[in-house]
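Thanks for making time this morning; I would like to walk you through one model, starting from a single pair of strands and working outwards. Please have the structure open as I talk.

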Amino acid sequence: MITVIGFNTAIDRLIRLDSLRPGEVSRALDEQVYPGGKGLHVAQTIAALGERVQLIGLIDPAHRNMIGRLMCERGVLFHGIEVTDNLRTCIALQDASGQITEILGQGPLLDNTQQEALLRAFRRGVDDSDLVVLSGSLPRGFSPTTYAELAAHVRDAGKRCLVDAGGELLQHAVQAQPFLVKPNRDEITELLGHPIGDLAAAVDAVRELHAHGIAMPVVTMGALGAVAADASGVWHASIELAQVRNTVGSGDCLLAGMTVGMAQSMNLEETLRLGVACGAANAQGQETGFVERRAVEALLSQVRVHRLA
């Protein structure tokens, strides 16, 4: 079993426009609404690849049935902690050129009782699982040290912990030395305090994280692919796509693929290949943060993976 901590559940809205002009009225050409949040994206992609997975996150009365039904249909065991306030909304505005502007809602402010309900569910999940993923932002009310504390709990339980977060959450989490962290280019730049603009800088970044006790650091670099390291060395994987529809959620799908690779005892080369194929499959699809297994399998042979060091 894999447990995904995606406490800050969201409602994703992808709105397509001819153009986006600040200060002017824009009319939508198309609008799609899906349950979202980084953790949910990770969990449903893991399930699509055939692994058993459970997701722990918030739910509100207005979306309880929609999210519960979809997760059930997609093979995710969802443990929803209900709150009376509305879930956050994440809006992606895509113009005719394909450029996407994201607006990410904050989510509800949780009291101590609601926070503890999520943490109890987390502790039960760790007991049931071999791998635990901490993904995305946290609802307001949680401390910036929360992921560090959860990662330490997972480590002390003898399990592997994977973290995908940014800002203060990531800064504190790396101190707990989770098995894997997966910052993107902006997040690793903020973490290390200097620009990570090319593959050479990404290689230096994963080496630095590995030297600080992260067994498998991964840095995603958008169209440049992803760089990862472990005891076998530093690896780079990339893919060229003829068509890109929606890149939002591709990093989440990449993490899901790598989680499945770890669950199936793949080496880093094959784990990274699967992750990049998942990210690419999401970019070619219309729904944010979801892939179909056959789409991933069709892309695996197109992913180029080589060792850099």
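**From one strand pair outwards**

Strand 9, residues 160–164, and strand 10, residues 180–181, pair in the parallel sense over two bridges, and I should say at once that this is a predicted model. Within that pair, Val163 stands opposite Val181 of strand 10.

Both strands belong to an open sheet of ten strands with mixed pairing, in the order 5-4-1-8-9-10-11-12-13-14. At its edges are strand 5 (76–82) and strand 14 (304–307), each of which pairs on one side only.

Across strand 9 and strand 10, as well as strands 1, 8, 11 and 12, lies helix 8, residues 250–263, and this helix runs at about 170 degrees to strand 9.

Turning to the interior, the largest nonpolar core has 95 residues, of which Val4, Phe7, Phe122, Leu134 and Tyr147 touch the most other members; helix 9, residues 268–284, gives the most to this core, with eight residues. Tyr147 brings us back to where we began, since among the residues it touches are Val163, Leu134 and Ile5.

Finally, helix 7, residues 199–211: at 1.5 Å a residue its 13 residues should span 18 Å, and its end C-alpha atoms are 18 Å apart, so the two agree. At the start of this helix, a side-chain oxygen of Asp198 reaches to within 3.4 Å of the backbone nitrogen of Ala200, while the helix is followed by Gly213, whose phi is positive, near 100 degrees. Its buried residues include Ala202, Val206 and Leu209, and what covers the buried residues of helix 7 includes strand 10 and helix 6.

How values were computed:
Residues are numbered from 1 along each chain as its sequence is written. This is a predicted model: local features need pLDDT of at least 70, side-chain atom pairs count only at pLDDT 80 or more; totals for chains, interfaces and linings use all residues. Side-chain values use heavy atoms; hydrogens and water are left out. Two strands pair if DSSP finds at least two bridges between them. Helices (H or I, at least four residues) and strands (E, at least two) are DSSP runs, numbered from the N terminus. Contact means heavy atoms within 4.5 Å. Axes are lines fitted to C-alpha atoms, for helices over the stretch in contact, and angles run from 0 to 180 degrees between N-to-C directions. A nonpolar core is a set of buried Ala, Val, Leu, Ile, Met, Phe, Trp, Tyr and Cys residues joined through side-chain atoms within 4.5 Å. Buried means under 20% relative accessible area, exposed over 50%, partly exposed in between (1.4 Å probe, protein chains only). The expected span of a helix is 1.5 Å times one less than its number of residues. A polar contact is a pair of N or O atoms within 3.5 Å; within protein, one must be able to donate a hydrogen and the other to accept it, and residues adjacent in sequence count only if both atoms are side-chain atoms. Lists of a residue's contacts leave out its neighbours within four places in sequence.
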